[in-house]
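Biologist: Hello! I am new to reading protein models, and I would like to know why each label is given. Shall we look together?

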Amino acid sequence: MIPAKIDLTSLPAIREKGVISIADWFDQHIHLFYTLGWSYVRNQEQMEELLYRSIIKVHKELPRFKRETSFGTWVTSMFIRICRELSENKSLQASEESEPSHDLFKVLNHLQENEKEAIVLTYIIGISKEETAYLLEVSVEKIKELLFSGIQSFRKEMGDETVFNGCKEYHTYYIDYLERNLCRSKKIDLEKHIYHCQDCQEDLAAFQDVMLSMLNLAERIEDLQLPSALMKTVKDRLAEKEKNRIHRNKKRKRKGLVFASIFALLIGTEFFTGAFTRLYYTWKEENQELRPYLEKDLGERLNLEAESGGVKVKIKSAIADEVQTLVFYEIEDTKEKNQYVMNYDDGVLVENEYEILNREVNSIYYPPDLNSDLNKKEKNIYQGKISLPPLSKDNGTIKLNITKLQKLNHQSSNRNGVSAYENMGYQTGEWNFEIPVNKQRSAEYALNGETEVDGIPVRFEKLTIAPTVTILQYGFKNEQTKKRIDALNFDNLEVNNKKVKADRHGSSFSDSSQDMNWNTFQKNFEPLFREKPKELNVQFESVNLTIEEQKSIEFDASEKYPKTFEYANSTISIDKVEVGQPTKIVISNHEIKNRAYESLQFNIVGEGENETSSMEMNSEGVLVDKNGVEYDLNQTPLSYEEIEQPRYFSTVVSIELDREKTGEKVIPKSLEIYGYNTTEYLEDVVNISIK
């Protein structure tokens, strides 16, 4: 019998503060993680390390949990990633002799990694194929393929050399049929076929035997005896870590400097005119991005300060609305000429996030800006901003804990600092702040605007004007099978004759649409503050398309290469087909000018296609701007952000096909092209009505 699925325990049950509460949750579900963990690790010491790291990771990432899936699935996904890391770490690997005496684990560990994971999650742990697909980041159909090939491999590893000789076109029915999930028409088709086909009768019976043995394995695993001291050892390590953290906090000296001048007090009571307010902040606040918020009374100067290891962090202000909480900061290296930035995903944590922030809303990514006038002044001072989720209440105090800062690398950074993280270093320490915040209100406006892009309907649904960002909600209809929009890119939004630029990094999918035929997205633009829209125009920049155009090119071992073929108004060359271990194929097209496609969507079909083979691809290409100027991708640094609307054209694709399991050579049969990706530049301006 398949074991119970992952427990969908409600999140409030584990929201107690402290890492020990996470450990208690793991303890409640230890059999699941113990079983899953033994398919990767080899001894008890590694199992303890696996659980310890997983609990620490879940505790650290818990504020990022957005309820997009169940909590159990989210934790299991993280657990699998750590399992893979440990299994790949040679310093932690042990010999076969050190693993427990469970034959089933030895058999499973001889399977290919993806086959093993699919079998363990589906048949041993007992979760659905859909959830397994989510955890392994593949499609459900791919999971079925892995289960089929995994069952074949498992049978061989168990010493049964019987091969499946049934009709290949019915192999894909086996799993759904035996699990009673096959649709009625296919079920009837299969049963009629096997009634007359002796090979398929034997084939299906053999397959059923293996699946039953899988379920028996699951029942055997249920009887595994967990070491009584396993979680106690892990919890002791966690308790010691927590004890040390509390001890450090008690010794930490906090510094807080609040600037409250006579002018600020007078401004707070609206003593001065708006003109004097702007004059005051022009004189007093050098950060031009922060200044408008202070001028419009959307935030206040804080200047909270903390220092650790010679690095001083100052929180200058925090602007909160219904979209995000924007924290402006300044970091100064008092010992060396280094510039550091905060990264919300690494080393920055809101201690009371459950109490004060809306965790169902994602924060917005803002890349570091090294080339601003402000950050060019001093080599040891960086002024930036970081986005946190919006407040869940009207006001409160954010307890911000910073343990790691990222060092910026000037030599590898471009105009907007996107590449500034390459070869970066870190600065660790303890910087803690209590930041008072008040949530500002946003305004939403229903829109009535429709147009077409390349014949595909596009509509505009809603405009949100928040103090920190302007959001345009739009959708497009992908009913055509031959042409689909992958992404729609905007240049600017014009409201009441005031233009705001689109945020290159600020785009997200929205599931608010009630029509399944429409894909709905949200695009971020620069803030309009408290502008009330009367006239609204949006200008497109480009559209990314997928074009379906199928073509099959047969491989012939007797032919000499290179050889060419025509596709999408281009001449493409197959430079090399070299059968071996691995089999190597090289496809190229160096002609960029007037080329219809940027990259191809294809697959290599080999002989014996039901046998599992791996395919690795490496691509070379060239970056071309809107004016046709080509850029060397090997240039260091490559200022990608300075290139006007770049397109990446693939010029050479190198493919390696391998069957590591059997050691057999992969003989390519055909190149199957499904379609291609392309970009079209747009300059259309659409006038949108406000309802």
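Modeller: Gladly, and let us begin with a definition: buried means under 20% relative accessible area, exposed means over 50%, and partly exposed lies in between (1.4 Å probe, protein chains only). This is a predicted model, in which local features need pLDDT of at least 70 and side-chain atom pairs count only at pLDDT 80 or more, while totals for chains, interfaces and linings use all residues. Residues are numbered from 1 along each chain as its sequence is written, and side-chain values use heavy atoms, with hydrogens and water left out.

Biologist: Why does Asn-380 count as buried?

Modeller: Its relative accessibility is 17%, and buried means under 20%, so Asn-380 counts as buried. Asn-380 sits in the loop between helix H17 (373–376) and S6. Helices (H or I, at least four residues) and strands (E, at least two) are DSSP runs, numbered from the N terminus.

Biologist: What is Asn-380 in contact with, leaving aside neighbours within four places in sequence?

Modeller: Contact means heavy atoms within 4.5 Å. On that basis Asn-380 is in contact with Ile-331, Glu-332, Asp-333, Glu-336, Lys-337, Asn-338 and Gln-339.

Biologist: What makes Glu-137 and Asp-297 exposed?

Modeller: Exposed means over 50%; Glu-137 has 67% relative accessibility, so Glu-137 is exposed. Asp-297 has 57%, so Asp-297 is exposed too. Glu-137 lies in the loop between helix H7 (129–136) and helix H8 (140–157), and Asp-297 in the loop between helix H15 (291–295) and S1. Glu-137 has a phi near 60°, a positive value in a residue other than glycine, and Asp-297 also has a positive phi near 60°.

Biologist: Which labels do Cys-83 and Cys-183 get, and why?

Modeller: Cys-83 has a relative accessible area of 0%, which is under 20%, so Cys-83 is buried. Cys-183 has 39% relative accessibility, between the two cut-offs, so Cys-183 counts as partly exposed.

Biologist: How many disulfides does a search of the whole structure find?

Modeller: The search finds zero disulfides. A disulfide is a covalent bond between the sulfur atoms of two cysteines. Here the test is a pair of cysteine sulfur atoms within 2.5 Å.

Biologist: Why is helix H6 called largely enclosed?

Modeller: H6 (residues 113–125) has 13 residues and 11 of them are buried, so the rest of the structure largely encloses this helix. Among the buried ones are Ile-119, Val-120, Leu-121 and Tyr-123. Just after H6 comes Gly-126, with a positive phi of about 95°.

Biologist: How do you know that the length of helix H3 agrees with what is expected?

Modeller: The expected span of a helix is 1.5 Å times one less than its number of residues. H3 (residues 44–61) has 18 residues and should span 26 Å; its end C-alpha atoms are 26 Å apart, so the two values agree. The buried residues of H3 include Leu-51, Ile-55 and Val-58.

Biologist: What makes a group of residues a nonpolar core?

Modeller: A nonpolar core is a set of buried Ala, Val, Leu, Ile, Met, Phe, Trp, Tyr and Cys residues joined through side-chain atoms within 4.5 Å. The largest one here has 66 residues, and Phe-26, Leu-51 and Ile-55 have the most contacts inside it. Helix H4 (residues 71–88) gives the largest share of this core, nine residues. Another core, of 47 residues, lies apart from it, and includes Leu-463 and Ile-655.

Biologist: How do you know that strands S17 and S18 pair?

Modeller: Two strands pair if DSSP finds at least two bridges between them. Strand S17 (residues 570–578) and strand S18 (residues 583–588) have five bridges, so they pair, in the antiparallel sense. One of the bridge partnerships links Lys-576 with Val-586 in S18. In the loop between S17 and S18 is Pro-582, and the peptide bond from Gln-581 to Pro-582 is cis, with omega near 10°.

Biologist: Which strands are at the edges of the open sheet S16-S17-S18-S22-S20-S21, and what makes them edges?

Modeller: They are strand S16 (563–567) and strand S21 (630–631), each of which pairs on one side only. The sheet has six strands with antiparallel pairing.
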